[in-house]
Amino acid sequence: MARSAIINVMVQAAMKAGRSLARDFGEVQNLQVSLKGPGDYVSQADRKAEEIIHAELSKARPGYAFLMEERGAVEGDDDQHRWIVDPLDGTTNFLHGIPIFSISIALERQGQIVAGVIYNPAMDELYTAERGGGAFMNDRRLRVAARSKLSDAVVGTGIPHLGRGHHGRALVELKNVMGETAGIRRLGSAALDLAYVAAGRMDGFWENWLAPWDLAAGILMVREAGGFCSDRDGGQAMFDSGTIVAGNEAIHKALLKTIQQKS
Ligand code: IPD
Ligand code: CA
Ligand code: CA
Ligand code: CA
């Protein structure tokens, strides 16, 4: 499969950062860790990976703006393009030695996500998508799962940690989804949750309180694999609301209805 120039740039940055994460994952007990808020950890590994991605992407495309989890927004001379980067999605897993974490890089052009890369270095799984060009895992074309009944579906989610609040609403949603699906999974990396929906490994995914860097590449991945994404009201304000519901057309619709139930 021939990759486009822009995907190559993103893959190179993700792989380089991935090598840094893989080294740090091997000696996680030696990493400096700090708390950004209750239950919200950041380590040297997150920051190092972010520096690598920032340097690689700036070298390849000087002037593009950035939105990154740790550094925040960095303005560029080019107001048409913005990189949206999560250098380590799944910090909690990483710090516990659980090999489910990823790097997520998306490119936004005039407000629209046009390319996305998600990489899990521990499993060496590389997900890529370009608007209109399909989604791939390594070199395999991806397609969302075909199951149409929620009762057959395995659905991913995220559970808010202490300090996030909103635990009441999360419990209501969990109760309702658990009563209607074949199983719920909590992987711990929202970008990988979306990549797994794109790959047909999970039939759907929903979560609240996410940031654009958790979502940007994954939304494109799901859409390019033939799936549907919306916010929890069925609209397209995923970045502003921080909410997402994803799946094939039928699962997306059914999941949306289930999580919207008030009690
Ligand atoms: C977190 C992961 C997790 C989700 C959290 C995110 P981080 O990202 O995506 O799955 O449930 O809400 O904050 O902090 O590990 O990059
Ligand atoms: Ca974080
Ligand atoms: Ca994240
Ligand atoms: Ca992160």
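# A predicted two-domain chain and ligand 1

Visitor: How do the residues of the shell around ligand 1 divide into nonpolar, polar and charged?
Guide: Here Ala, Val, Leu, Ile, Met, Phe, Trp, Tyr, Cys and Pro count as nonpolar, Asp, Glu, Lys and Arg as charged, and the others, Gly among them, as polar. Sorted that way, the shell around ligand 1 has three nonpolar, six polar and five charged residues.

Visitor: What kind of model is this, and how are things numbered?
Guide: Residues count from 1 along each chain as its sequence is written, while chains are lettered from A and ligands numbered from 1 in the order in which they are written. Local features need pLDDT of at least 70, side-chain atom pairs count only at pLDDT 80 or more, and totals for chains, interfaces and linings use all residues, because this model is predicted.

Visitor: Which residues are the closest to ligand 1?
Guide: A residue is near a molecule or strand if its C-beta atom, placed from the backbone, lies within 6 Å of it. Around ligand 1 there are 14 residues. The closest are Asp89, Thr91, Gly158, Ala190 and Asp214.

Visitor: Which elements each supply at least two residues of that shell around ligand 1?
Guide: Helices (H or I, at least four residues) and strands (E, at least two) are DSSP runs, numbered from the N terminus. Two names fit: β5 (78–89) and α3 (91–95).

Visitor: From which domains does the shell around ligand 1 draw at least three residues each?
Guide: The bounds come from an automatic or database domain assignment. That assignment splits the protein chain into two parts, and the shell draws at least three residues from each of domain 1 (5–141) and domain 2 (150–259).

Visitor: Which element gives the most to the side of domain 1 that touches domain 2?
Guide: The centres of the two domains, taken over C-alpha atoms, are 20 Å apart. Their contact (C-beta atoms, placed from the backbone, within 7 Å) takes 32 residues from domain 1 and 24 residues from domain 2. On the domain 1 side, elements giving two or more residues include β3 (64–68), β5 and α3. With five residues, the one that gives the most is β7.

Visitor: Which are the edge strands of the eight-strand sheet?
Guide: Two strands pair if DSSP finds at least two bridges between them. This open sheet has mixed pairing and the order β4-β3-β5-β6-β7-β8-β9-β10. Pairing on one side only, the edge strands are β4 (72–74) and β10 (140–141).

Visitor: In β5, what is the bridge partner of Leu67?
Guide: β3 and β5 run parallel, joined by five bridges. In β5, Leu67 finds its partner in Ile84.

Visitor: At what angle to β5 does helix α2 run?
Guide: Axes are lines fitted to C-alpha atoms, for helices over the stretch in contact, and angles run from 0 to 180 degrees between N-to-C directions. Helix α2 (residues 44–60) lies across β3, β5 and β6, and its angle to β5 is about 150°.

Visitor: In the five-strand sheet, which residue in β15 stands opposite Ser230?
Guide: That open sheet runs β12-β11-β13-β15-β14 with mixed pairing. β14 and β15 (residues 244–247) pair in the antiparallel sense over three bridges. Opposite Ser230 in β15 stands Val245.

Visitor: What is the radius of gyration of the protein chain?
Guide: The chain has eight helices and 15 strands. Its radius of gyration is taken over C-alpha atoms, and the globule rule is 2.2 Å times the number of residues to the power 0.38. That rule gives 18 Å for 263 residues, and the chain's value is close to it, so the chain is as compact as a globular protein of that length, at 17 Å.

Conventions: Contact = placed C-beta atoms within 7 Å.
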